[in-house]
Amino acid sequence: LTLIGEETRVIISPNVTMVTIMDNTRVTIGFGQTGYSFFENQRYARVTVSVLQGQLKKSVAIQFRTIRGSAVGPGDYAETDIVLVFNASTPNIIVDIPLVDDGLAEDDESFSVELLAVTPSGLVTIAPATTGITIINTNSVTIGFEKQNYQVSKHQGHIPLKIQVLRGTLGRTV
């Protein structure tokens, strides 16, 4: 865009500027969170896929699937590979991935979910395309003393020793 001054008493500086025309028709679909955590004894890992930017004018289908990590299906969760269909009236789709409480005392485990294969192609951008899910083990807990060393006088009648949870959870108060 260029401005030209007809009047000699007007100085236009700078007389050139850049105008950017934004494509507000672009639609972005993705995960609303960068990561999720669920207790192993919960029934489902609930994941939300959303239209994050723009407005859909046509329906699109997006593949949603789980990806193994330290957690593997079917022992820790139900492997999932489904198609999600978004249209103008669908801002969010919630996917419940069944979790398996295997009863084992183990470390927390994780897996990922991924969005891919938009049909028809070119209508939307997928971002973020993956997110992580942590399954918090509810079958074991490690506890220990708050301090490694305590010093007491031999004349002291008692000493409070504080115990704390160092790792894990049972998903309930014990």
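Strand β2 has two unlike faces: Tyr 36 and Phe 38 lie on the covered one, while Gly 35, Ser 37 and Phe 39 lie on the uncovered one. In a regular strand, side chains alternate between the two faces of the sheet. The model is a predicted one.

**The five-stranded sheet**

β2 belongs to an open sheet of five strands. The order is β2-β9-β7-β4-β5, and the pairing is mixed. β2 and β5 form the edges, each pairing on one side only. From one strand to the next, the twist averages 25°.

Strands of a sheet pair through backbone hydrogen bonds, either parallel or antiparallel. Both senses can be followed here. β2 runs parallel to β9, with five bridges between them. Within β9, Gly 132 stands opposite Gly 35. At the other edge, β4 and β5 pair in the antiparallel sense over six bridges. Phe 64 has Ile 82 of β5 as its bridge partner.

**The chain as a whole**

What does the secondary structure come to? The protein chain has 11 strands and zero helices. From the N terminus on, the elements run β-β-β-β-β-β-β-β-β-β-β. The protein chain has 174 residues, and 28% of them count as buried. About 11700 Å² is exposed, with carbon and sulfur atoms supplying 54% of that area. Contacts reach far along the sequence. Among those between residues at least 6 apart, 67% join residues at least 24 apart.

**The nonpolar core**

In soluble globular proteins, nonpolar side chains tend to be buried together. The largest nonpolar core in this model holds 27 residues. Which of them have the most contacts inside it? They are Ile 29, Phe 64, Phe 86, Ile 97 and Ile 133. Eight strands, β1 (27-31), β2 (35-39), β3 (44-53), β4, β5, β6 (92-98), β7 and β9, each supply at least two residues of this core. β7 gives the most, with four residues.

Ile 29 shows how these contacts spread. Leaving aside residues up to four places away in sequence, Ile 29 touches Val 49, Ser 50, Val 51 and Leu 52, among others. Its partners also include Leu 56, Val 60, Ile 62 and Phe 86. Val 124, Thr 125, Ile 126 and Ala 127 are on the list too.

**Salt bridges**

Side chains of opposite charge can pair when their charged atoms come close. How many salt bridges does a search of the whole structure find? It finds three. They are listed below.

| Salt bridge | N to O distance |
|---|---|
| Asp 96 and Arg 46 | 2.8 Å |
| Arg 65 and Glu 114 | 2.7 Å |
| Arg 68 and Glu 79 | 2.8 Å |

The first pair ties strand β6, home of Asp 96, to strand β3, home of Arg 46, across 50 residues. Asp 96 is partly exposed, with a relative accessible area of 31%. Arg 46 is partly exposed as well, at 47%.

The second pair links Arg 65 in strand β4 to Glu 114 in strand β7, 49 residues apart. Is Glu 114 buried or exposed? Glu 114 is buried, because its relative accessible area is 18% and the buried class covers values under 20%. Arg 65 counts as partly exposed, at 30% relative accessibility.

In the third pair, Arg 68 and Glu 79 both sit in the loop between β4 and β5, 11 residues apart. Glu 79 is partly exposed, with a relative accessible area of 46%.

**Cis peptides and an unusual phi**

That loop, between β4 (60-67) and β5 (81-86), also holds Pro 74. A cis peptide bond joins Gly 73 and Pro 74, with omega about 0°. Is Pro 74 buried or exposed? Pro 74 counts as exposed because its relative accessibility is 67%, and exposed means over 50%. Its C-alpha atom is separated by 7.8 Å from that of Val 100, which is 26 residues away along the chain.

Another cis peptide bond joins Ala 127 and Pro 128, where omega is about -10°. Pro 128 is found in the loop between β8 (124-126) and β9 (130-136).

Ala 117 has a positive phi of about 55°, although it is not a glycine. Ala 117 lies in strand β7, which covers residues 109-119. The residue is partly exposed, with a relative accessible area of 44%.

Key. Residues numbered from 1 in each chain as written. Predicted model: local features only at pLDDT ≥ 70, side-chain atom pairs only at ≥ 80, totals over all residues. Heavy atoms only, no water. Buried < 20%, exposed > 50% of the residue type's maximum accessible area, 1.4 Å probe, protein only. Contact = heavy atoms within 4.5 Å. Areas by Shrake-Rupley, 256 points an atom, 1.4 Å probe, with all protein chains shown as cover. Core = buried A, V, L, I, M, F, W, Y, C linked by side-chain atoms within 4.5 Å. Pairing = 2+ DSSP bridges. Axes fitted to C-alpha atoms, helices over the stretch in contact; angles between N-to-C directions. Salt bridge = Lys/Arg side-chain N within 4 Å of Asp/Glu carboxyl O.
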